[in-house]
Amino acid sequence: MANHFTEIQIPQQRFYNSIPFPSVLSPNPTKAVPCSVSHLIEAIKTQKPYLDSLLHKTGAVIFRGFDVKTPEDFNDVVEAFGYEELSYVGGTAPRSNVVGRVFTANESPPDQHIGFHHEMAMAPEPPSKLFFFCEVAPTSGGETPVILSHIVYERMRQKFPEFVEKLEKHGLIYTYLLGEDDDLSYVLGRGWKSTFSTADKSVAEEKAAKMDIKLEWMEDGGVKRITGPLPVIRYDKSRKRKIWFTSMLGWEVAGIAPLKTITFGDGKPLPADICYECLKIFEEECVAIPWQEGDVLLIDNWAVLHARRPTNSPRRVLASLCK
């Protein structure tokens, strides 16, 4: 155990092979170490090998009880880890820069549900890690549930082996419409100008081509974005296990993006009954820990899917992506 931290247990955690998921770190009560942001930053820098090892073992780590209050504080914490920044070009969620490496999470209304997904699963280079910071905690709901991707794969393979085999063989094609400008009324409402950081269609096409995205322009100024086939079942080399790496159920089954479709790589539709069964597995295996103000959540994007539960109370969660 690192000197600056102590692992605590909270009721919502799950245990896999006696390993808590996610890990929760608080200031070590046996050490006369303040909880200030500056001391947290120092602890991160001096205990980086321990933190990297813990993240690799558990997939997600919550830092709770430290005096992280502002977006600037959060940015400093992210910087302390030394991970390389990843831009959000090509992402689908409406979000904007706050300060430094810190962005809003998803700016859609907080009463909307966001399904389980790996961040930027359609991108050629998804982030390896992502941070979340709770600046304003909702009074109820609004959690960011997490689930281990290999557990989803194992349960789906056991229950629907032919479906998983087809996913592994064909992958998925994602097709949906992007408006010209951002639409904050729903969770995939990022317009093509924001998506590709340009108002020039030719530049957007160049950027899309580099990400293996095909664009078909519409008369209303929007564009049809076609991506894939992309692999769904991937191999986590560092942990030597297969993972369920896709956003398909978060989009298609939840019905939050009615203007796009997802199909198998051979063009055939997904079986709705099996998709709904997968949603049940998500709910059975996920961990939803209520946010506390000042919480910082670090996720290994190759190990863990995340989601957003709806809330009707004020909520402000910020994010940062890393290569």
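**Strands, helices and aromatic rings in a predicted model**

Strand E7 (residues 102-104) is joined to strand E19 by two bridges, and these strands run antiparallel. Helices (H or I, at least four residues) and strands (E, at least two) are DSSP runs, numbered from the N terminus, and two strands pair if DSSP finds at least two bridges between them. The structure is a predicted model, in which local features need pLDDT of at least 70, side-chain atom pairs count only at pLDDT 80 or more, and totals for chains, interfaces and linings use all residues. Residues are numbered from 1 along each chain as its sequence is written, and side-chain values use heavy atoms, with hydrogens and water left out.

A good place to start is the neighbourhood of E19. Opposite Phe103, the bridge partner in E19 is Ala319. Strand E19 is mostly covered, since six of its seven residues are buried; buried means under 20% relative accessible area, exposed over 50%, and partly exposed in between (1.4 Å probe, protein chains only). E19 (residues 316-322) is also joined to E9 by seven bridges, again in an antiparallel arrangement. Within this pairing, Leu130 has Leu321 as its bridge partner, while Val136 stands opposite Arg316.

What of strand E9 (residues 129-136) itself? Six of its eight residues are buried, so E9 is largely enclosed by the rest of the structure. Five bridges join E9 to strand E17 (residues 296-300), and these two strands run antiparallel. In E17, Leu297 is the bridge partner of Phe132. Beyond E17 comes the loop that leads to strand E18 (304-308), and Asn301 has its place there. Asn301 counts as buried because its relative accessibility is 0%. Leaving aside residues up to four places away in sequence, Asn301 touches His118, Glu119, Pro126, Pro127, Ser128, Lys129, Leu130 and Phe245, where contact means heavy atoms within 4.5 Å.

Strand E18 takes part in an open sheet of three strands, with the order E8-E18-E10 and antiparallel pairing. Strand E8 (114-117) and strand E10 (146-148) are the edge strands, as each pairs on one side only. From one strand to the next, the twist averages 15°. Three bridges join E10 to E18, and Ile147 has Leu305 in E18 as its bridge partner.

Ile147, which lies in strand E10, deserves a moment of attention. Is Ile147 buried or exposed? Its relative accessible area is 0%, so Ile147 is buried. Not counting residues up to four places away in sequence, Ile147 touches ten residues' worth of neighbours listed here in full: Phe21, Phe116, Val152, Ile281, Phe282, Glu285, Cys286, Ala303, Val304 and Leu305. Ile147 and Glu283 are 136 residues apart in sequence, and their C-alpha atoms are 9.0 Å apart in space.Turning to the helices, the axes of helix H4 (residues 149-159) and helix H5 (residues 161-170) come within 5 Å and cross at roughly 120°. Axes are lines fitted to C-alpha atoms, for helices over the stretch in contact, and angles run from 0 to 180 degrees between N-to-C directions. The crossing makes H4 oblique to H5, because angles under 35 degrees count as roughly parallel, over 145 as roughly antiparallel, 65 to 115 as roughly perpendicular and the rest as oblique. Tyr153, Met156, Arg157, Gln158 and Lys159 in H4 meet Pro161, Phe163 and Val164 in H5. By class, this contact has five nonpolar, one polar and two charged residues. Here Ala, Val, Leu, Ile, Met, Phe, Trp, Tyr, Cys and Pro count as nonpolar, Asp, Glu, Lys and Arg as charged, and the others, Gly among them, as polar.

Aromatic rings complete the picture. Rings of Phe, Tyr and Trp (its six-membered ring) pair if their centres lie within 6.5 Å; planes under 30 degrees apart count as stacked, over 60 as edge-to-face and the rest as tilted. By this rule there are 13 aromatic pairs. Phe74 and Phe133 form a stacked pair, 5.2 Å centre to centre with 25° between the planes. This pair links distant parts of the chain, as Phe74 is in helix H3 (residues 71-81) and Phe133 is in strand E9, 59 residues apart. Both Phe74 and Phe133 are buried.

Phe163 and Phe264 form an edge-to-face pair, with 5.9 Å centre to centre and 70° between the planes. Distant parts of the chain are linked here too: Phe163 is in helix H5 and Phe264 in strand E16 (residues 261-264), 101 residues apart. Phe163 counts as buried at 6% relative accessibility, and Phe264 is buried with a relative accessible area of 2%. Finally, Phe5, Tyr50, Phe63, Phe66, Phe81, Tyr83 and Phe131 form one aromatic cluster.
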